[in-house]
Amino acid sequence: MSSKIKQKEELSFADFKTEILNDYKLAVTSRECSLLGRREVLTGKAKFGIFGDGKEVPQLALAKAFKNGDFRSGYYRDQTFMMAIGELNIESFFAGLYANTDLEQEPMSGGRQMGGHFSTHSLDQDGNWKNLTEQKNSSSDISPTAGQMPRLLGLAQASKIYRHVEGIDTTNFSNEGNEVAWGTIGNASTSEGLFFETINAAGVLQVPMVMSVWDDEYGISVHARHQTTKENISDILRGFQRNEDGNGYEILNVKGWDYPTLIETYEKASEIARTEHVPVLIHVNELTQPQGHSTSGSHERYKNEDRLAWEREFDCNVKFREFVIANSFATEEELDAIDKDIKKQVRDGKKAAWSNYLNPIITERTSVLDTLKAVSNSSENKVFIDKIISNLETIKEPNRKDVLSSARQVLRYVVKESSAEKQNLQQWINAYFAKIQPEYSSDLYNDSDSNATTIKEVLPEFDTNAEDVDGRVVIRENFDAIFSKYPETLVFGEDAGAIGDVNQGLEGLQEKYGELRVADVGIREATILGQGIGMAMRGLRPIAEIQYLDYILYALQIISDDLATLRYRTKGKQKAPLIIRTRGHRLEGIWHSGSQMGGIINLVRGVHVLVPRNMTKAAGFYNTLLESDEPAIVVECLNGYRLKEKMPTNSGEYKTPLGVVETIKEGTDITLVSYGSTLRIITEAAKQLLEVGINVEVIDVQSLLPFDINHDIVKSVAKTNRLMVIDEDVSGGASAFILDKILNTQNAYKHLDSKPLTLTAKEHRPAYGTDGDYFSKPSIEDVFEAVYNVFNEVNPNEFPTLR
Ligand SMILES: Cc1ncc(C[n+]2csc(CCOP(=O)(O)OP(=O)(O)O)c2C)c(N)n1
Ligand SMILES: [Mg+2]
C-alpha cells in the first residue's frame with residue numbers, strides 16, 4: 001500500500017477500503033454515464049453531449065477537500081465532482097442530456113443549458129437565500145471558455161470580506177470566511193485573457209481560491225503547442241509562486257491518474273487556501289479524453305496512434321483500477337462484478353430519465369389529440385385535419401413543438417367555423433402556452449411580486465433654503481448613507497478607493513468605511529465585474545465601478561454571458577444582485593463620450609439598464625436597487641458631477657422607481673423622448689422652440705430596461721399626435737429600441753399625425769476637439785431644426801423652410 005495512503009491513520013482499514021471502493025464506484029458510474037450519454041446523442045435522443053470522461057479521478061480528490069459553504073466555478077467536465085458531492089445522479093445526468101424542463105428532474109438548469117453545465121440551488125421555492133453554509137455550492141456554469149474565471153474571483157473574495165468586515169449578518173453565507181472557491185478550467189482555455197486577468201487579480205487580492213487546470217494537452221483538436229507557451233501552464237506561471245519576498249500563489253503539480261497523490265494535493269491546497277487565504281493553482285496533467293472532445297467529432301482525426309495508445313494506458317480510471325487491485329482493496333473479479341452492476345444501474349437510470357422526460361409530453365399529446373379529434377369530427381375540413389392528427393400520432397417520441405404546432409395548424413382550418421369544439425381548441429392552445437411557455441421563458445428577471453419594479457418612488461426632500469451643491473456631493477452623501485445603512489455593501493473600481501473615484505463621488509468614504517468596502521482595484525474591467533458577480537452570489541451587495549461607460553465593453557461579455565443569464569439559466573435558483581456603477585454620455589473624444597446604449601441594452605437582457613439625468617436621480621436608483629435583488633447598470637452623466645443640484649435631506653432614503661418615465665416639460669405640439677445628458681440640450685431647444693410657437697413635451701425615459709411599464713409615453717403622444725426620439729447613440733441603437741416600444745408595444749402609431757422620427761448621433765464616434773460633440777451628437781440647433789421641420793411640413797406658411 002502506498003505510504004501516502006497510510007497517513008490516514010484515523011480510518012480503520014475497513015472504512016478506508018469502503019471509501020476507496022466508493023470512489024471507484026463513482027468513477028465507474030461517471031464513466032458509464034459518459035459512454036452511454038454519447039450513444040444517446042448518436043442515436044438522436046439527445047442533441048449534443050460533452051462529458052467528463054478521462055477527468056474522473058482528480059474530481060474525486062477535489063470533492064474530498066470540498067466542504068460545506070465552499071463554491072465551485074467550473075466547466076463542462078465536472079460531472080464526477082458533482083456526483084461525488086451528491087448533487088448529480090444517474091437520472092439527473094440523463095435528464096440534463098434530454099433537457100427535461102422539470103427542475104426536480106433536471107436541477108442544473110431545468111433544461112435551459114446543455115448537459116454538462118452544472119449548478120446547485122442557492123434560492124428556495126420562494127426565491128429566498130438558502131443557508132449556503134450548510135450545503136456544497138456550485139455556481140452555474142457557462143459555455144464561453146474561461147467565462148467561469150471572473151466570477152470565481154468574487155466567490156473567493158467574499159470569504160475575505162466575511163472574515164474581515166464587521167457588522168454583516170453572515171448566517172446564510174459564511175463561517176468566518178473559511179470557505180474556499182474552487183475553479184476548474186481546461187488547459188486550452190487558459191489561453192483566454194480572462195484566465196490570466198483572474199489569476200493576477202487573485203494573487204493581488206490574496207483570496208481563498210483553488211484553481212485546477214484539467215490538462216489533457218488538447219482544446220478540441222488544437223494541441224498545447226498552439227495554446228500555451230512552453231506547453232505548460234504551471235511552468236509559465238512560476239513567477240506567481242509565493243516566497244519570502246512577497247505574496248503570491250502556491251503552485252502544485254500532480255498527475256491526473258495518481259489517486260493518492262491527488263488526494264494529498266487537494267487536502268494541502270484546501271488547507272492553504274482556507275486558513276491562510278492564499279490562492280493555489282493545481283496543474284493536473286496527464287489527463288485524457290477517452291471519447292474525444294464532445295459528440296460533435298472524433299479524436300482519431302487529430303490524435304496519432306501513439307497518443308491514442310498512451311491515452312488508453314494512462315486513462316485515470318484504468319490507473320485507479322490498477323491501484324485498487326495492487327493495494328488489495330479488491331480483486332479483479334470483485335471489480336468486474338462492481339463494473340457489471342454499475343453498467344446495469346446506468347442503463348436503468350437512463351431509461352427512467354427518458355420516461356420521466358417523455359411521459360408528460362405523451363400525456364400532453366393525448367390531451368391535444370382528444371381536442372383535435374373532436375374538432376375534426378365537427379369540421380368541414382376533416383380530411384386535412386385528420387392528416388395532421390395522424391402525423392402527430394405516428395411520432396414515436398414527440399416533443400412539445402410537435403404537439404403545439406399541430407394544434408395551431410388545425411386551428412387555421414376551422415378559423416371560419418363556429419363550434420364549441422373550435423372554442424375548446426382555442427382554449428387548449430392558450431392554456432398550453434400559459435403553462436408551457438414559462439418553462440422556456442421564466443426567470444429572466446425576478447418574476448415574483450418582490451421584484452425591483454415594485455419598489456415605490458420616494459421623493460427627495462429639501463429644506464426650504466436647500467443649498468445648491470455639485471452633483472458629485474449629492475451622490476457622495478447618498479453613498480455615505482448607503483454604506484452606513486447596509487453593512488453588506490461594497491464598492492470597488494479603478495480609483496474608487498483612496499481618491500474616492502475620478503469624480504469624487506466617493507470622496508472620503510474609504511477613510512470612513514475601510515479599504516475592503518471602498519476599494520481601489522487594478523485596471524481589469526472583466527474581473528471587476530466577475531468580482532461583483534461572485535460576491536453578490538454569496539449574499540453581499542457589491543457595487544462594481546466601471547470607470548467610464550466606454551470601457552464597459554471589456555466587461556460586457558461577462559455581463560451578457562454570466563450576469564444577465566444567471567437567474568434565467570438556473571430557472572430562478574441563483575441570483576447575483578450586482579449593481580454596476582458607471583458614467584458616460586457626452587463628454588469628449590472617441591473613448592470618453594460613451595453612448596453605445598443600443599449595443600448594451602441588446603446584450604444584457606436580464607440586467608436593468610438605468611440612465612438617470614442627474615445625480616439625485618442616480619442616487620435614487622441606487623437606493624431602489626438596494627431594496628431589491630436584481631442586477632442593474634446605472635449610467636451616471638459624466639458631465640453632471642460639477643453641475644449644481646439641490647442637496648436632499650433624506651440621503652439613502654429617496655428612491656427613483658424603475659421603468660417609470662418622467663415628463664420634465666409639458667407641451668402640446670410634439671412629444672420629445674430622450675434620456676441622460678441629452679435632456680439638457682433638449683430642454684434648451686424646447687425654450688427656443690417655444691419662442692417660435694412650438695410647445696414641445698419632453699419626457700425623460702430614465703430607465704431603458706425596464707421601459708415605461710405604465711405606458712405613459714403613449715398618453716403624451718395621444719395628446720400631441722407627434723413623436724420624436726432623440727438620442728446620442730447611433731441610429732438603430734437605443735432610439736430604435738425606444739421607438740419600437742412606443743409604436744409597437746404601446747400602439748402609439750394610432751395617434752400620429754406626422755411621421756415618427758428619431759434624431760441620433762452621426763455614425764462615427766465623436767471627434768475629440770471642442771467642436772467634436774457639436775458635429776457628432778444632436779445639438780440644440782439640431783433638435784430645434786428637426787422639430788421645426790416637422791411643423792414646416794405641417795404648416796409651411798407659418799414655419800417657412802429654414803434651409
Ligand atoms: C469563447 C469560446 N470560444 C470557443 C468555444 C468552443 N470550445 C468549447 S470547448 C473548447 C476547447 C476547450 O479546451 P480545454 O479548455 O482544454 O478543455 P477540454 O475540453 O480539453 O477539457 C472550445 C474551443 C467556447 N465554448 N467558448
Ligand atoms: Mg483540454
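A residue is called buried here when its relative accessible area is under 20%. With that cut-off in hand, the reader may turn to helix 3 of this predicted model, which spans residues 56–65. Of its 10 residues, 9 are buried, so helix 3 is largely enclosed by the rest of the structure. The buried residues are Glu56, Val57, Pro58, Gln59, Leu60, Ala61, Leu62, Ala63 and Ala65.

The next feature is a sheet. In general, the strands of a sheet pair through backbone hydrogen bonds, in either a parallel or an antiparallel manner. Here an open sheet is formed by 6 strands in the order 2-1-3-4-8-7, and their pairing is parallel. Its edges are taken by strand 2 (137–138) and strand 7 (250–255); each has a single partner strand, so one side of each is left without a neighbour in the sheet. Within this order, strand 4 (residues 209–214) is joined to strand 8 (residues 280–285) by 5 bridges, and the two run parallel. Trp214 has Val284 of strand 8 standing opposite.

Another parallel arrangement involves strand 15, which comprises residues 632–637. This strand pairs with strand 13 (residues 579–584) in the parallel sense over 6 bridges, and Val634 of strand 15 is the bridge partner of Arg581. Strand 15 is also joined by 3 bridges to strand 14 (residues 608–610), again running parallel; there, Ile633 has Val609 opposite. Strand 14 and strand 15, together with helix 23 (residues 615–626), make a right-handed β-α-β unit.

How far is strand 15 enclosed by the rest of the structure? Because 6 of its 6 residues are buried, strand 15 is largely enclosed. The burial concerns both faces: Ala632, Val634 and Glu636 point one way, Ile633, Val635 and Cys637 point the other way, and all are buried.

The final subject is ligand 1. This ligand is surrounded by 18 residues, the closest being Tyr75, Tyr76, Arg77, Ser189 and Tyr218. By class, the surrounding shell consists of 6 nonpolar, 8 polar and 4 charged residues. Polar atoms of the protein approach the ligand at several points. On the backbone, a polar atom of Ser143 lies 3.0 Å from a nitrogen atom of ligand 1. From the side chains, a polar atom of Asn187 is 2.8 Å from an oxygen atom of the ligand, and a polar atom of Ser189 is 2.5 Å from an oxygen atom of the ligand. Taken alone, ligand 1 exposes 580 Å², and the protein buries 71% of that area.

Technical notes
Residues numbered from 1 in each chain as written. Chains lettered and ligands numbered in written order. Predicted model: local features only at pLDDT ≥ 70, side-chain atom pairs only at ≥ 80, totals over all residues. Heavy atoms only, no water. Buried < 20%, exposed > 50% of the residue type's maximum accessible area, 1.4 Å probe, protein only. Helix = DSSP H or I, 4+ residues; strand = E, 2+ residues; numbered from the N terminus. Pairing = 2+ DSSP bridges. Right-handed = clockwise from strand over helix to strand, strands pointing away. Near = heavy atom within 4 Å. Polar contact = N/O pair within 3.5 Å; in protein donor to acceptor, adjacent residues only side chain to side chain. Areas by Shrake-Rupley, 256 points an atom, 1.4 Å probe, with all protein chains shown as cover. Nonpolar A, V, L, I, M, F, W, Y, C, P; charged D, E, K, R; others polar.
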